[in-house]
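Work through the exercises below with the sequence and the 3D view at hand. Try each task before reading its solution.

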Amino acid sequence: MTTTLPPALSRAIDLFIEPPSDPDVSRGYLDLLSGQSSAAPPRNTGFIQAVWASGIGSLLYDNAQAFARRFLGAWRTPIDWLAIPQGGVALDIGSGPGNVTAALGSAAGPDGLAIGVDISEPMLARAVRAHAGPNVAFLRGDAQRLPFRDETVDAVTSLAVLQLVPEPAAAVAEMLRVLRAGRRIAVMVPTVGTMPPPLRLLPSSGAHFFGEDELGDLFEQVGFERVRTKTFGNIQWVRGRRP
Ligand SMILES: C[S@@+](CC[C@H](N)C(=O)[O-])C[C@H]1O[C@@H](n2cnc3c(N)ncnc32)[C@H](O)[C@@H]1O
């Protein structure tokens, strides 16, 4: 194991409930899932997540998301709306190739910290290569069980991830738990909407397409306030605030 921690990872670990005694950062991200016990949260074993967990899938996704963010406004993170304070901490859950995490890092400024959390090793390898830096860190972990203490972060975002998480309610509850009072969250998911026939096959591949009010209701149930939803075709943004 490599125990020389990059500074951004060291700052991330300072926020943990239980800092690892022998952190594995040998691949540039902190791996919290190697050697995980049987008490681990449920895993998505479907086809789509298997693609995102592969080298070729992560390469294809990286290129596709760059295209989508360039041409489709619905794919862009509402960074300004998240109102990350200078020097604050922002979390990108299911960070994939890491470009959203990097944008959070720029918004938080040089004294701030952006942390990307993902379950896929190839996605994390790409993210580390392209975006890890003095205030951007990545860790391999599960959205359903975050390692951070309660009320430690100033903003949370998650794009195109909850549809792949076996227990989205657990993930949303974790997002609330780690967010500081008065701070904001913005999450993007695919919705059923007017789904074109080929896409209707996707739920059987391990991706859940949310009903129009499903995620907004869940946000309110776990305790977010000022919940707002905005739907663009099959893409929905749900935003809220921790009271
Ligand atoms: C469609 S990609 C989106 C990546 C990134 N958010 C973006 O918009 O570019 C979905 C990502 O969620 C990750 N993911 C799936 N289930 C996860 C979980 N339980 N915990 C953390 N990440 C997860 C996948 O590995 C993949 O990188």
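The exercises that follow concern a predicted model, taking the ligand site, an annotated domain and the sheet in turn.

**Exercise 1. The ligand and its shell**

Task: Find how many residues surround the ligand, and sort the shell into nonpolar, polar and charged residues.

Solution:
1. The ligand is surrounded by 20 residues.
2. The closest are Arg69, Gly94, Asp118, Ala143 and Leu159.
3. Sorted by kind, the shell holds 11 nonpolar, six polar and three charged residues.

**Exercise 2. Polar contacts of the ligand**

Task: Which side chains place an N or O atom within 3.5 Å of an oxygen or nitrogen atom of the ligand? Then state what share of the ligand's exposed area the protein buries.

Solution:
1. Start with the oxygen atoms of the ligand: one is 2.6 Å from an N or O atom in the side chain of Asp118.
2. For Gln49, the distance from a side-chain N or O atom to an oxygen atom of the ligand is 3.1 Å.
3. Turn to nitrogen: a polar side-chain atom of Asp142 lies 3.1 Å from a nitrogen atom of the ligand.
4. The ligand taken alone exposes 600 Å², and 98% of that is buried by the protein.
5. Two elements, α2 (47-52) and α3 (55-71), give two or more residues to the shell around the ligand.

**Exercise 3. The annotated domain**

Task: Locate the domain listed by UniProt and describe its secondary structure.

Solution:
1. An unreviewed UniProt entry lists residues 91-184 as "domain: Methyltransferase type".
2. Over residues 91-184, helix makes up 34% of the chain and strand 29%.
3. The end C-alpha atoms of this stretch are 11 Å apart.

**Exercise 4. The sheet**

Task: Give the order of the strands, and explain why β1 and β7 each have one side without a neighbour in the sheet.

Solution:
1. The open sheet has eight strands in the order β1-β4-β3-β2-β5-β6-β8-β7, with mixed pairing.
2. β1 (30-31) and β7 stand at the edges with a single partner strand each, so one side of each has no neighbour in the sheet.
3. For a parallel pair, take β5 (residues 153-159) and β6 (residues 179-190), which are joined over six bridges. Val156 has Ile185 in β6 as its bridge partner.
4. For an antiparallel pair, take β7 (residues 225-232) and β8 (residues 235-241), also joined by six bridges. Here Thr229 is partnered by Val238 in β8.
5. β7 and β8 form a hairpin with two residues between them. In the turn, Gly233 has a positive phi of about 60 degrees.

Notes
Residues are numbered from 1 along each chain as its sequence is written. This is a predicted model: local features need pLDDT of at least 70, side-chain atom pairs count only at pLDDT 80 or more; totals for chains, interfaces and linings use all residues. Side-chain values use heavy atoms; hydrogens and water are left out. A residue is near a molecule or strand if one of its heavy atoms lies within 4 Å of it. A polar contact is a pair of N or O atoms within 3.5 Å; within protein, one must be able to donate a hydrogen and the other to accept it, and residues adjacent in sequence count only if both atoms are side-chain atoms. Accessible areas come from the Shrake-Rupley method with a 1.4 Å probe; for residues, only the protein chains shown count as cover. Helices (H or I, at least four residues) and strands (E, at least two) are DSSP runs, numbered from the N terminus. Ala, Val, Leu, Ile, Met, Phe, Trp, Tyr, Cys and Pro count as nonpolar, Asp, Glu, Lys and Arg as charged, and the others, Gly among them, as polar. UniProt positions are given in the numbering used here, feature names are shortened, and annotations may be inferred rather than shown by experiment. Two strands pair if DSSP finds at least two bridges between them.
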